[in-house]
Amino acid sequence: MTARVRRAVIAVCLLLAACVPGPDKAAELTRVSMQEYFRYDPQFRGQGVEVLAVRITGGQERQLAAVATIRHAGKSHEVPVIIVLDGVNLAWFAQPGGLAFLASPRPDGVQQGSK
């Protein structure tokens, strides 16, 4: 799952006049992008994942470090993310293992085995 999430790139067209949005705008755009990803991706759809906020913690104007607060199963989790901006597109990447809490637990009594 980690490799899949790391490769997940969400591109959002920014309706901006060829300029990079400020940190507050980039954080909100990332929050919306993440929420849409969790809402529509078949792997996460229906799990009740809610992206509460994204807070920029550092970086430069085109690559920002951030922390996303995500609620799942009644608990809030702080997930480090990298945000990449190119003036038109925005992509975010969860840090390796950052979304491990979203892995579906196996029902009781079911064990993983090979056939």
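This is a short tutorial dialogue on reading one predicted model.

Q: What should I know about the numbering and about how the model was filtered?
A: Residues are numbered from 1 along each chain as its sequence is written. The model is predicted, so local features need pLDDT of at least 70 and side-chain atom pairs count only at pLDDT 80 or more, while totals for chains, interfaces and linings use all residues; side-chain values use heavy atoms, with hydrogens and water left out.

Q: How many helices and strands does the chain have, and in what order do they run?
A: Helices (H or I, at least four residues) and strands (E, at least two) are DSSP runs, numbered from the N terminus. Here you get 2 helices and 4 strands, in the order α-α-β-β-β-β from the N terminus on.

Q: How much of the chain counts as buried?
A: Buried means under 20% relative accessible area, exposed over 50%, and partly exposed in between (1.4 Å probe, protein chains only). By that cut-off, 33% of the 115 residues are buried. As for the outside, the chain exposes about 7200 Å², and carbon and sulfur atoms supply 52% of that. Those areas come from the Shrake-Rupley method with a 1.4 Å probe; for residues, only the protein chains shown count as cover.

Q: What share of the contacts in the chain joins residues at least 24 apart?
A: A contact means heavy atoms within 4.5 Å. Among contacts between residues at least 6 apart in sequence, the share that joins residues at least 24 apart is 44%.

Q: Which residues touch the most other members of the largest nonpolar core?
A: In soluble globular proteins, nonpolar side chains tend to be buried together. A nonpolar core is a set of buried Ala, Val, Leu, Ile, Met, Phe, Trp, Tyr and Cys residues joined through side-chain atoms within 4.5 Å. In this chain the largest one has 23 residues, and Met34, Phe38, Val54, Ile70 and Ile83 touch the most other members. Helix 2 (23-40), strand 1 (50-59), strand 2 (63-72), strand 3 (75-85) and strand 4 (90-94) each put in at least two residues, with helix 2 giving the most, 6 residues. Take Met34: leaving aside neighbours within four places in sequence, its contacts are Val51, Val54, Ala68, Ile70, Val81 and Trp92.

Q: What does helix 2 look like in numbers, and which of its residues are buried?
A: The expected span of a helix is 1.5 Å times one less than its number of residues. Helix 2 has 18 residues and reaches 26 Å from first C-alpha to last, close to the 26 Å expected. Its buried residues are Ala26, Ala27, Leu29, Thr30, Ser33, Met34, Gln35, Tyr37 and Phe38, and what covers them includes strands 1, 2, 3 and 4.

Q: Thr30 is in helix 2; what does its side chain reach?
A: It reaches the backbone oxygen of Ala26 at 2.7 Å. Thr30 has a relative accessible area of 0%, so it counts as buried. Not counting residues up to four places away in sequence, Thr30 touches Val54, Ile83, Leu90 and Trp92.

Q: How many aromatic pairs are there?
A: A pair of aromatic rings is described by the distance of the centres and the angle of the planes. Rings of Phe, Tyr and Trp (its six-membered ring) pair if their centres lie within 6.5 Å; planes under 30 degrees apart count as stacked, over 60 as edge-to-face and the rest as tilted. The count here is 5. Tyr37 and Phe44 have centres 5.7 Å apart and planes at 55°, so that pair is tilted. Phe38 and Trp92 are tilted too, at 6.2 Å and 45°. Since Phe38 lies in helix 2 and Trp92 in strand 4, this pair ties together parts 54 residues apart in sequence. Ring pairs link Tyr37, Phe38, Phe44 and Trp92 into a cluster.

Q: Where does Phe44 lie, and is it buried or exposed?
A: Phe44 is in the loop between helix 2 and strand 1, and it is buried at a relative accessible area of 1%.

Q: What is the phi of Ala73?
A: Most residues other than glycine have a negative phi. For Ala73, phi is near 55°, a positive value. Ala73 lies in the loop between strand 2 and strand 3, and at 66% relative accessibility it counts as exposed.

Notes:
A polar contact is a pair of N or O atoms within 3.5 Å; within protein, one must be able to donate a hydrogen and the other to accept it, and residues adjacent in sequence count only if both atoms are side-chain atoms.
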